[in-house]
Every structure is written in structure tokens, then in C-alpha cells.
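Work through the following exercises with the sequence and the structure side by side. Try each task before you read its solution.

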Amino acid sequence: TIMNGETLEPLKVVSTRGVTVDTQEYHPEPRVAAIVASHEHPEWIVNVKETGQILLVNYEDLDNLKVTTIGAARFLHDGGLDSSKRYFLVAANARGKIAVIDTKKGVLTALIETGGQTPHPGRGANIIHPVHGPAWVTSHLGDEKVALIGTDPEGHPDKAWKIVQTFDALGGGSLFVKSHPKSNHLYVDATLNPEAAISGSVAAFKVSELGQEKPTFTTLPIAEWAAIAEGQPRVVQGEYNEAGDEVWFSVWNAKDKVSAIVVVDDKTLKLKTVIKDPKLITP
């Protein structure tokens, strides 16, 4: 549904029904997994999960709506923009692939095998790799692999849209990776790992040391810092503050158990504060 941005008045409904990209079978009720605004055109990038189709919905003229359909792979999930904001990378997690869309030209640029099980990047993370230059990062739900994709077709054409490096983090069950232009750290969670010690921790890599053959990481015991005695607290989705010097981690728990937000100093990787409140339920 396209709505007025100020009043949220519905203006137009756009169907996501269509055929699956591989078997060409009609799907009557596919879900939308993510919507991202383009920086190149007045368009939304819409990931249609079950069909594996990506829709570029141009909202410039609602009476003569233009929708570009790009076939990628099933089943589309989360994704984010590269550092130039031109290219959109999205996981087709059931196929173990990342689709790359050139939002300026409105075309599929690449479909990349990650080499891991069920890529789940969230929005992904953009870093400047000490060897490979600009890269976009995804972790995986099904194993401990972290995969880096080169994203600079002009400055590093031999690296662009290829897996330039893989290494291991804490374990499977990862949902989000995170970095920041002002930070030297890359954070990888393991939220859905069955082991409490792993699901309650985060791996912090130094970006400047990723040139090593087997990069090492610092384990941040976020759930332990939160001092939650009951349940199996699961740490998820670190987010930076505006200054880029703090990372705020959600500590999920059952609805009848204590949850929290843990704030970490990005430079020192030390605990800054823990926020708890009865209103914080799986924040």
C-alpha cells in the first residue's frame, strides 16, 4: 500500500502476486520481506519472498505507476545498500545466494553463492577491507560462516560481486552484522544458536586485521553483562548511536522474563551501561 507520508492516508495498492522466478508457478499470496528506498530514483525496492522477484516501484506518478520486475532467487529476505548507495544486496536465503541490484540502471547485476548455509545479513555491513577494498558483509543462520563481497566495480573491478573472504564467527544462528564508517569493528551476533553461552554473546572483529588468513575476534558476553538470571537471553541486532562510538545490543528473553539493552563502548569493547525496565520486553 502506497500512503501519504504525512497523513498515512492510503493512496494506492500494488499487488505482489506473481510467478516464482525458477519454476514459473503462480503464487497467490507471496509475502513482502523488505522494502528499501532508492537513493537513485523515486522508487521503492520491494523484495517478494516466495516468488524471488524484486519489484522497483516508481511512485513519481501514481496514476501511471511504473513497476520494474527483476527475477532474482527464492526466498528473498533482508538486504541493504552498499557504501555507494547505488547497489542493493539482498539474501535469497533458501538458495544460499545474495542478489545484487543496480538501482541506477534497474537491473540484476549479480547472483552470488555465499558458500554458507542460509545467509541472513539484516541490512549487511559495509567495511573498507585492508586488502580487498570496499566490501559488504553477511553472516549465516545455518553455520558460523561470515562472507565478504567486494562492492567496488570501479576501484577494484577484479573483486566486485565476488566472495573475497570467508571466516568463522561464534557459531550458527546469526541474524545481524553491524559496522560503522567511524568504527574499526565488525560485530556478528548468533541469536538463534542453541547454546546459551553463544546466543548470549557477540563476536567483535577488528576490520584492520581482516587481512589475516584466519581473523580472530573478541567475544563480548552481552547477556552476562546484562545479569539476567532466568531464561535464555539472546543477543540481537547491535545498533550504533549517532556519534558512532557506542553500540546498543538488544537482549531478548521470554515475555515473562527480564530483557535488557546493553550499551558497549565501541573503541574499548567495554560495558558502558545496562538498561532494564518492565516496559522492555524483547526490545
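A salt bridge is counted here when a side-chain nitrogen of Lys or Arg lies within 4 Å of a carboxyl oxygen of Asp or Glu. The structure is a predicted model, and a search through the whole of it finds 9 salt bridges.

**Exercise 1.** Find which parts of the chain are linked by the salt bridge between Asp22 and Arg95, and decide how exposed the two residues are.

*Solution.* Begin with the distance: the closest N and O atoms of Asp22 and Arg95 are 3.3 Å apart, which meets the cut-off of within 4 Å. Next, place the partners along the chain: Asp22 sits in the loop between strand E3 (18-19) and strand E4 (26-27), while Arg95 sits in the loop between strand E10 (87-92) and strand E11 (97-102), so that the pair links distant parts, 73 residues apart. Finally, look at accessibility: Asp22, with a relative accessible area of 39%, is partly exposed, and Arg95, at 32%, is partly exposed as well.

**Exercise 2.** Work out what the salt bridge between Lys272 and Glu246 ties together, and whether each partner is buried or exposed to some degree.

*Solution.* The closest N and O atoms of Lys272 and Glu246 are 2.8 Å apart. Lys272 belongs to strand E24 (residues 271-275) and Glu246 to strand E22 (residues 246-252), so the pair ties together parts that are 26 residues apart in sequence. Lys272 has a relative accessible area of 44% and is partly exposed, whereas Glu246 has 16% and is buried, because buried means under 20%.

**Exercise 3.** Describe the salt bridge between Asp256 and Lys257, and then name the residues that shared partners join into one network.

*Solution.* The side chains of Asp256 and Lys257 meet at 3.6 Å, N to O. Asp256 is exposed, with a relative accessible area of 59%, and Lys257 is partly exposed, with 28%. As for the network, salt bridges that share partners join Asp22, Arg74 and Arg95.

**Exercise 4.** Describe how domain 1 and domain 2 meet, and state how many salt bridges are counted between them.

*Solution.* First, fix the bounds: the domain assignment gives domain 1 as 1-113 and domain 2 as 117-282. The contact takes 19 residues from domain 1 and 15 residues from domain 2. Together the two domains bury about 1300 Å², with 70% of that area on carbon and sulfur atoms. Leu89, Asn93 and Ile112 supply 29% of the area that domain 1 buries against domain 2, more than any other three residues. The count of salt bridges between the domains is 0, although 4 residue pairs are found in polar contact across the interface.

Conventions. Residues numbered from 1 in each chain as written. Predicted model: local features only at pLDDT ≥ 70, side-chain atom pairs only at ≥ 80, totals over all residues. Heavy atoms only, no water. Helix = DSSP H or I, 4+ residues; strand = E, 2+ residues; numbered from the N terminus. Buried < 20%, exposed > 50% of the residue type's maximum accessible area, 1.4 Å probe, protein only. Domains from an automatic or database assignment. Contact = heavy atoms within 4.5 Å. Buried area = accessible area lost by both parts, 1.4 Å probe. Polar contact = N/O pair within 3.5 Å; in protein donor to acceptor, adjacent residues only side chain to side chain.
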